[in-house]
Amino acid sequence: MQPVNSLNQAAASCNSVTVTDKLWTEVPELAAVYDTECAGRRDHDFYLALVARFDARTVVDLGCGTGVFCVDVAARGRTSIGIDPAEPMLDIARRRPGGDQVEWVHGSAADGPAGAAELVIMMGHVAQYFVDDDAWASTLAHVHRMLVPGGRLAFEVRNPAIDWASRWTRQSTESALDHPDGGTFDSWVEVVDVVGPPESYRMTHEGHTVLPDGRHLSARETLRFRSREQIEATLAAHGFTVEQVCGDWDHSPVRADSLEFIFVAKRT
Ligand SMILES: C[S@@+](CC[C@H](N)C(=O)[O-])C[C@H]1O[C@@H](n2cnc3c(N)ncnc32)[C@H](O)[C@@H]1O
């Protein structure tokens, strides 16, 4: 394995791994395969139903990534705002059909408009990207600022009680998929570090992608796994009332073996 500071510094080779110290979202080649890796996801319909249920005229998608959800919201005649700090992800979002109907913001929650939205969503486990408690608290404060009184915040996190480290192995995650530009690419993840108590830990995993031209890219990512109780306490501390917590996209309640905690909270 050949550690380098950025992909640009490394000559690609079929047999060596190019390890980037960037987030995968900051690497255009990795952003380019994200939508393909996400095919078949079940969360979009859940969040789109909330747009209708709360009759949200303005929706903010915080951590919008490649913008699929934002475009779907705009297509329903709503004001759609997508916020993300990763330019390669936003590049794809802007170029998406219907992308010109969305207001894209390169930044974080602090860059979102005040008092503008009836609904803020964070989908694709964005909430787990706020690894430090200060970052999570600051994000909740900014979401509160973005919402109109009575507006809703909806997001999901993975249940920390699930043994993710035994699920996120090369053997159980490796897949070969069609690359959007032709050929196939392989990808898998492997957990490399877990720090903290079972109810609130930081887990670092390494994502591997072998592109059709043979380049093997690797990027690490650290996510925070918080308990349901911890999230509910931080929501209450930042002016939210939890209205619903689901354990699956079919709206079923949380069980011990639920993979997700899906929160819908009202700005008080
Ligand atoms: C797994 S992707 C999910 C993207 C999109 N929400 C989806 O569901 O497809 C996580 C996204 O969170 C974004 N992200 C990371 N840190 C963030 C932050 N501090 N504020 C907002 N978004 C962030 C990343 O850039 C990335 O696009």
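## Ground rules

Two residues count as in contact here if their C-beta atoms, placed from the backbone, lie within 7 Å. Keep in mind that this is a predicted model.

## T222 and its contacts

Let's start with T222, which sits in strand β11 (residues 216-226). Leaving aside residues up to four places away in sequence, T222 touches V131, R202 and T204. V191 is 31 residues from T222 in sequence, and the two C-alpha atoms are 9.7 Å apart in space.

Is T222 buried, exposed or partly exposed? A residue needs 20 or more other C-beta atoms within 10 Å to be buried, and 12 or fewer make it exposed. T222 has 15 C-beta neighbours inside 10 Å, so it counts as partly exposed.

## Where the domains meet

The domain assignment splits the protein chain into domain 1 (2-37 + 161-224) and domain 2 (43-159 + 226-267). Their C-alpha centres lie 24 Å apart. Across the boundary, 17 residues of domain 1 are in contact with 18 residues of domain 2.

On the domain 1 side, α1 (28-31), α2 (34-37), β10 (200-210) and β11 each chip in with at least two residues. β11 supplies the largest share, 3 residues. By class, this side of domain 1 has 9 nonpolar, 3 polar and 5 charged residues.

## Strand β3, wrapped on both faces

Now over to β3 (residues 58-62). Why is β3 described as largely enclosed by the rest of the structure? Because 5 of its 5 residues are buried. In a regular strand, side chains alternate between the two faces of the sheet. For β3, T58, V60 and L62 are on one side, V59 and D61 are on the other, and all of these are buried.

## The neighbours of β3

β3 pairs with β4 (residues 79-84) in the parallel sense, over 5 bridges. Within that pairing, L62 has I83 of β4 as its bridge partner. Add helix α4 (residues 68-75) and you get a right-handed β-α-β unit made of β3, α4 and β4.

β3 also runs parallel to β6 (residues 117-122), with 3 bridges joining the two strands. Here V60 stands opposite V120 of β6.

## Around the ligand

Finally, the ligand. There are 16 residues around it, and the ones that come nearest are G63, G65, A86, S108 and G124. What does this shell look like by class? Nonpolar residues account for 9, polar ones for 6, and just 1 is charged.

Technical notes:
Residues are numbered from 1 along each chain as its sequence is written. This is a predicted model: local features need pLDDT of at least 70, side-chain atom pairs count only at pLDDT 80 or more; totals for chains, interfaces and linings use all residues. A residue is near a molecule or strand if its C-beta atom, placed from the backbone, lies within 6 Å of it. Ala, Val, Leu, Ile, Met, Phe, Trp, Tyr, Cys and Pro count as nonpolar, Asp, Glu, Lys and Arg as charged, and the others, Gly among them, as polar. Helices (H or I, at least four residues) and strands (E, at least two) are DSSP runs, numbered from the N terminus. Two strands pair if DSSP finds at least two bridges between them. A crossover is right-handed if, with the strands pointing away from the viewer, the path from the first strand over the helix to the second runs clockwise. Domain bounds come from an automatic or database domain assignment.
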